[in-house]
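Please open the structure in your viewer and keep the selection tool at hand, as this tour goes from one helix pairing to the next.

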Amino acid sequence: MPRACTVCRHDRRHDVEVALVRRDALRDIARRFSVSKDALSRHAKEHLPDRLLKAQEHEDVREALDVVAQLKLINEASLTILKEARDEGEPGTALRAIDRIQRQIELQAKLLGNLDERPAVNLYISTEWLELRAVIVSALEPHPDARNSVLRALEGTASGNA
């Protein structure tokens, strides 16, 4: 039966782990907390990464909740300004409020991963593809059936019929 980790059972475990994360010298930590250097090393390798990962996840959730709360406040303020501007007949202010709301929606979509901002490449008009296509078609000149099959397949792919 494996031995229980002496650091995990230590009454000052948190302080020991803080020292390990700060990368204090193992001999200093061992002396300060009356734990062996081997136990500290094992704990740092086997248990500390899990605890740090959980702590980071907790921190990420906390920060995300703060961002969500701030976005809600900004959205509410923008909507209030929009309503007031419309009620008072101020189209310029209303348009600025609408612009702000639109940017907020875009930011929320980015944060939630609902907005794909990767550049789109149209392969069918790229110079490299057109050159490659010409080389393939040229290489198939001696084989008309194969050439025609490849051209039909390429045209089908280009029109979305893949």
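Begin by selecting Asp15, Val16, Ala19 and Leu20 in H2, and then add Leu26, Ile29, Arg32 and Phe33 in H3, because these are the residues through which the two helices meet, contact here being heavy atoms within 4.5 Å. Sorted by class, this contact of H2 with H3 has 6 nonpolar and 2 charged residues, and no polar ones. Keep in mind that the model you are viewing is predicted.

Now widen the selection to the whole of both helices, with H2 covering residues 13-21 and H3 covering residues 26-33. Two packed helices are described by the angle between their axes and by the distance between those axes. For H2 and H3 the angle is about 165 degrees, and the axes lie 10 Å apart. Since angles over 145 degrees count as roughly antiparallel, H2 is therefore roughly antiparallel to H3. The crossing of H2 and H3 is right-handed.

Next, keep H3 selected and add helix H4, which spans residues 37-46. The axes of H3 and H4 come within 9 Å and cross at roughly 110 degrees. Because angles from 65 to 115 degrees count as roughly perpendicular, H3 is roughly perpendicular to H4. In passing H4, H3 makes a right-handed crossing.

To see where H3 and H4 touch, select Leu26, Arg27, Ile29 and Ala30 of H3 together with Lys37, Leu40 and Ser41 of H4. By class, the contact of H3 with H4 has 4 nonpolar residues, 1 polar residue and 2 charged residues.

Technical notes
Residues numbered from 1 in each chain as written. Predicted model: local features only at pLDDT ≥ 70, side-chain atom pairs only at ≥ 80, totals over all residues. Heavy atoms only, no water. Axes fitted to C-alpha atoms, helices over the stretch in contact; angles between N-to-C directions. Helix = DSSP H or I, 4+ residues; strand = E, 2+ residues; numbered from the N terminus. Parallel < 35°, antiparallel > 145°, perpendicular 65-115°, else oblique. Left-handed = near helix turned anticlockwise from the far one by under 90°. Nonpolar A, V, L, I, M, F, W, Y, C, P; charged D, E, K, R; others polar.
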